[in-house]
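These exercises are worked from a predicted model. Keep the sequence and the coordinates open, and try each task before reading its solution.

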Amino acid sequence: MAYQRQPYTFDRVVRILFTVLSVLAVLYLLNLLKDVLLPFIVACLMAYMLEPVVKWNMRWTHTKRRLLPVLLTMLEAAVVIGILCVIFVPYLVSETSQMTRMIRTYTTTQTQIPYISQSIHDFIRDNIDFNQITKLLSKEEWKELIKNTLSSSWSFLSSGFAFLVGIISWLIVLLYLIFIMLDYQQIMVGFKKLIPVRHRRQTLRILSDIEIAMNRYFRGQFLIALSVGILFSIGFLIIGLPMGVVLGLFIGMLNMVPYLQLISLPITLVLCIVCTASTGVDFWVIFWESMAVYLIVQCIQDLILTPKIMGKAMGLNPAIILLSLSIWGALLGFMGLIIALPLTTLILSYYDTYVVHRHSS
């Protein structure tokens, strides 16, 4: 049976206008209250990410109460972060000092690389401010930055109450996180009971779509991005690429949006050139070794990590992900980046439920 378009009665037009105004009002309130809501939303996201660890600790401790598993989860997260800081911070200090020397050597010497003309080096030197980069990497600049930050923070604190409120708001994130993790299951059940019975089935279906997207692009994609970042870091360390761990973790972060890590290729190329100019290593050797790292890690990601973690189900298109991050980030700032994927999934699921299915019925 062909679909018959419903007439635009006065009642229907009023409901459409009311819906549009409600959406605009919600966006306005989110933009107005984003500084207040940001700690709560960050805590919700962290609680959602840590919920599998809490459930694992509940099975491990054989308890149905969440207090001990939540405390164990917080302790485990703190230990992991501490270990990463102990390992990564000394390496970062050493690598930044070495990279500073390499850049200075590259900018003051003529580099001859087979099959690469001097015009390419001139283009790199003209379009990349290496002096500013070396200044940012120097210890003196970091000390001066910390000193200026502390002094400006103190003067700002003495002139108003906003700075103190800003610090307290991020301390509140920890309190939000603990309370949400303790009552996570009750919050989910209570939220479902707030939905009217008449709309509960359709609403729960939409929420199920959002949960699937959250699993893929917050838990699943985060695990893949973290694994890819570690693999890149190990590969770059093996071949001796400068700033290899930093570059590897940066590529892993880019991998939160699939295929976005390809924009790191020019950075890798510049690092290979700088390494050649300062250490004398053959450019084409380290370049093709870097490309081999990209190829191996990409194969591991596509053949092992993605099928094991994400499964065979398809998620949002990478272009849709990038577009949603851009739009919601422009509208709501950092908070928009956090809620971009759930909101985009909500809109698409709503469209599929109330427009596509209605037209096909």
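**Exercise 1. Find which residues of helix 3 meet helix 10, and describe the packing of the two helices.**

Solution.
Step 1. On the side of helix 3, the residues in the contact are F88, Y91, L92 and E95. Helix 10 contributes G244, V245, V246 and L249.
Step 2. Sort these residues by character: six are nonpolar, one is polar and one is charged.
Step 3. Two packed helices are described by the angle between their axes and the distance between the axes. For helix 3 (residues 67-108) and helix 10 (residues 244-254), the angle is about 115 degrees and the axes lie 9 Å apart.

**Exercise 2. Determine what S233 touches, and whether S233 is buried or exposed.**

Solution.
Step 1. S233 is located in helix 9.
Step 2. The relative accessible area of S233 is 7%, so this serine is buried.
Step 3. With residues up to four places away in sequence not counted, S233 touches G244, V245, G248 and L249. Among the residues that meet helix 3, G244, V245 and L249 also appear.

**Exercise 3. Locate M102 and list the residues it touches.**

Solution.
Step 1. M102 belongs to helix 3.
Step 2. Its relative accessibility is 5%, and M102 therefore counts as buried.
Step 3. Not counting residues up to four places away in sequence, M102 touches P242, V274, S278 and T279.
Step 4. Take P242 from that list: 140 residues separate it from M102 in sequence, while the two C-alpha atoms are 9.0 Å apart in space.

**Exercise 4. Compare the span of helix 11 with the expected value, and state which of its residues are buried.**

Solution.
Step 1. Helix 11 covers residues 265-279, 15 residues in total.
Step 2. From first to last C-alpha it reaches 21 Å, close to the 21 Å expected at 1.5 Å a residue.
Step 3. The buried residues in helix 11 are T268, L271, C272, I273, V274, C275, T276 and A277.
Step 4. After helix 11 comes G280, with a positive phi near 85 degrees.

**Exercise 5. Explain why C275 forms no disulfide, and classify C275 and C299 by accessibility.**

Solution.
Step 1. The number of disulfides in the structure is zero.
Step 2. The cysteine sulfur closest to that of C275 belongs to C272; because the two are 7.2 Å apart, they are too far for a bond. The cut-off for a disulfide is 2.5 Å between sulfur atoms.
Step 3. C275 has 4% relative accessibility and so counts as buried. C299, at 36%, counts as partly exposed.

**Exercise 6. Identify the contacts of S290.**

Solution.
Step 1. S290 lies in helix 12 (residues 283-309), and its relative accessible area of 0% makes it buried.
Step 2. Setting aside neighbours within four places in sequence, S290 is in contact with F236, I239, L241, T268 and C272.

**Exercise 7. Describe the largest nonpolar core and the helices that supply it.**

Solution.
Step 1. The largest nonpolar core has 29 residues, and M99, F232, F236, L241 and F283 have the most contacts inside it.
Step 2. At least two residues of this core come from each of helix 3, helix 9 (197-239), helix 10, helix 11 and helix 12.
Step 3. Helix 12 gives the most, with seven residues.
Step 4. A second, separate core has 25 residues, including A43, M58, M181 and Y184.

Notes: Residues are numbered from 1 along each chain as its sequence is written. This is a predicted model: local features need pLDDT of at least 70, side-chain atom pairs count only at pLDDT 80 or more; totals for chains, interfaces and linings use all residues. Side-chain values use heavy atoms; hydrogens and water are left out. Axes are lines fitted to C-alpha atoms, for helices over the stretch in contact, and angles run from 0 to 180 degrees between N-to-C directions. Helices (H or I, at least four residues) and strands (E, at least two) are DSSP runs, numbered from the N terminus. Contact means heavy atoms within 4.5 Å. Ala, Val, Leu, Ile, Met, Phe, Trp, Tyr, Cys and Pro count as nonpolar, Asp, Glu, Lys and Arg as charged, and the others, Gly among them, as polar. The expected span of a helix is 1.5 Å times one less than its number of residues. Buried means under 20% relative accessible area, exposed over 50%, partly exposed in between (1.4 Å probe, protein chains only). A nonpolar core is a set of buried Ala, Val, Leu, Ile, Met, Phe, Trp, Tyr and Cys residues joined through side-chain atoms within 4.5 Å.
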